[in-house]
Amino acid sequence: MVRNRERLKKAGIPYQEFYKVIEFGAGLDDEACDHLEEALLKMGILDAIVVEEQYKEQVLVPVKGCEDRYLFAGKPAEGKSLLDVLELNVNDIFSNQRLTGILSNISYGGEEIVSITSGGTYHMGVLTGTVTGEYQAGYLGVKARERNRLVKIEECKKRIAEIEENIAL
């Protein structure tokens, strides 16, 4: 993915990383957030990129050594969708329209072609999957990323203390 995103930058193709432009909605509790983020991760959506429709053909041409996942707007799901439980974290109207189209295409709580339940079961066409229920959200939304960053810092501090202790022996 890194090589591909460098390629896109060099080609002047703008993109947004999905997990950076979406926030959990206020109506979701921590467990639902954890399940939703884990399902998005397992589905390959969490770290996918949003690209303008005008670049679709260009980005979908296979390039040796480059791979990625792209999100494009599709047909809105019937009933409740991710648009009802997630919030957009973008300031321009064009990004807002693209993301609205993508989120409204993924059903939340239903059994559409692409859907996620509050318990973490997900559907993508003929594929159905479940989540572990042990995952803690750490990427989707500013608050989750900050919490994840602080946890990683604490883990590093503990590891450093262990190494220093071993050196002292």
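## A three-stranded sheet

Let's start in the middle of the fold: strand 1 and strand 3 (residues 49-51) run antiparallel and are joined by three bridges. One pairing to look for on your screen is glutamate 17, whose bridge partner in strand 3 is isoleucine 49. Keep in mind while you explore that this is a predicted model.

These strands belong to an open sheet of three strands, arranged in the order 1-3-4 with mixed pairing. Strand 1 (15-17) and strand 4 (70-71) are the edge strands; each has a single partner strand, so one side of each has no neighbour in the sheet.

## Helices against the sheet

Two helices are worth finding next. Helix 1 (residues 2-10) packs on the sheet and touches strand 1, strand 3 and strand 4. The direction of helix 1 makes about 150° with that of strand 1.

Helix 4 (residues 93-103) also has a place here, lying across strand 1, strand 3 and strand 4. Relative to strand 3, helix 4 runs at about 120°.

## A closer look at valine 2

Valine 2 is part of helix 1. Is valine 2 buried or exposed? The relative accessible area of valine 2 is 60%, and a residue counts as exposed when that value is over 50%, so valine 2 is exposed.

Valine 2 also gives you a handy pair to locate in the structure: valine 2 and cysteine 66 are 64 residues apart along the chain, while their C-alpha atoms are separated by 8.1 Å.

## The chain as a whole

Stepping back, the chain has five helices and nine strands. If you trace the sequence from start to end, the pattern reads α-β-β-α-β-α-β-β-α-β-β-β-β-α. The C-alpha atoms fill a box of roughly 65 × 40 × 35 Å along the principal axes.

How much of the chain is buried? Of its 169 residues, 41% count as buried. As for contacts between residues at least 6 apart in sequence, 66% of them link residues at least 24 apart.

## Surface and charge

The accessible surface of the chain comes to about 10400 Å², and carbon and sulfur atoms account for 52% of that area. Turning to charge, the chain carries 21 positive and 28 negative side chains. The centres of these two sets lie 7 Å apart.

How values were computed. Residues are numbered from 1 along each chain as its sequence is written. This is a predicted model: local features need pLDDT of at least 70, side-chain atom pairs count only at pLDDT 80 or more; totals for chains, interfaces and linings use all residues. Side-chain values use heavy atoms; hydrogens and water are left out. Helices (H or I, at least four residues) and strands (E, at least two) are DSSP runs, numbered from the N terminus. Buried means under 20% relative accessible area, exposed over 50%, partly exposed in between (1.4 Å probe, protein chains only). Contact means heavy atoms within 4.5 Å. Accessible areas come from the Shrake-Rupley method with a 1.4 Å probe; for residues, only the protein chains shown count as cover. Lys and Arg count as positive and Asp and Glu as negative; His and the chain ends are not counted. The place of a charge is taken as NZ of Lys, CZ of Arg, CG of Asp or CD of Glu. Two strands pair if DSSP finds at least two bridges between them. Axes are lines fitted to C-alpha atoms, for helices over the stretch in contact, and angles run from 0 to 180 degrees between N-to-C directions.
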